[in-house]
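Please open the model in your viewer and keep the selection panel at hand. The tour below goes from one selection to the next.

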Amino acid sequence: MPIVEAQVAVAKVAKYATSVSGDTLEMIERPSGGLSFVLVDGQLSGRSAKAIANVVVRKAVSLLADGVRDGAAARAASDYLYTHRSGKVLASLNIISFDLQSQSLVITRNNPVPILVLRRGAVHRLEARVDAVGSRRDVRPEITEFPLEPGLAVIAYTDGLAHAGSRKGQVLDVAEVVVEMAALEPWDPQRWADELLGRAVALDDGRPADDISVLVGVVMPRRPDDSRRLFVRMPL
């Protein structure tokens with residue numbers, strides 16, 4: 001197993017003229033080693049969407065912290081939302097895990113938009129048909145695993161990115177942008193996330209038609225440094 005490190009970056013923006021984003025992201029350390037990122041897009045927009053997303057995120061994160069497997073955590077979070085809101089509201093859910101126990105990138109998807117994985121120079125689209133969480137009991141996610149190795153990247157996003165520009169009949173080709181970014185050395189996940197977000201906002205003429213969130217995670221050779229670092233920038 002090569003000595004590697006994970007670098008993860010997120011860029012997000014709320015729907016135009018909405019102060020609160022319905023997209024919610026949380027990070028949790030896995031009890032068996034590694035990190036998990038839970039990205040949820042609540043139905044509707046604004047505070048009501050945020051409340052829905054928080055219900056799902058908190059349930060999923062608490063289960064992951066207890067050592068529950070990703071797929072089981074996703075199903076339980078869906079059942080909880082279904083029970084909590086009587087099946088009347090939905091949310092999309094992605095769990096991205098860098099799992100040290102299995103030495104793999106684990107991708108759990110209950111989201112109508114795809115997740116992209118760049119591996120060995122090829123872009124893979126994870127886009128099996130799945131249901132959003134909260135619609136019924138026992139909603140099952142798409143679960144995919146890749147070994148942790150240098151040159152592996154994952155790009156997860158909410159439907160605000162996928163639908164950017166749709167009012168003008170334009171579509172953002174996320175895979176094309178990823179290939180462009182991957183050609184630049186060294187890989188910088190924050191640059192990738194910022195570029196995708198910037199192009200989406202531009203397609204919406206600077207007024208995002210929906211909440212947009214982009215998560216980019218890459219696996220790279222480890223630098224001669226065992227320190228962990230976290231950087232956050234948030235307008236207040």
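Begin by selecting strand 1 (4-13), strand 2 (23-29), strand 3 (34-42) and helix 5 (189-203), each of which supplies at least two residues of the lining of the largest pocket; helices (H or I, at least four residues) and strands (E, at least two) are DSSP runs numbered from the N terminus. This is a predicted model, in which local features need pLDDT of at least 70 and side-chain atom pairs count only at pLDDT 80 or more, while totals for chains, interfaces and linings use all residues. Residues are numbered from 1 along each chain as its sequence is written, and side-chain values use heavy atoms, with hydrogens and water left out.

Stay on strand 1, which gives the largest share of that lining, 10 residues.

Next, select helix 1 (residues 46-65) together with helix 2, whose axes lie 9 Å apart and make an angle of about 140 degrees, where axes are lines fitted to C-alpha atoms, for helices over the stretch in contact, and angles run from 0 to 180 degrees between N-to-C directions. The two helices are therefore oblique to each other, given that angles under 35 degrees count as roughly parallel, over 145 as roughly antiparallel, 65 to 115 as roughly perpendicular and the rest as oblique.

Finally, show the side chains where helix 1 and helix 2 meet (contact means heavy atoms within 4.5 Å): the residues include Ala-51, Ile-52 and Val-55 in helix 1, and Asp-70, Ala-73 and Ala-76 in helix 2.
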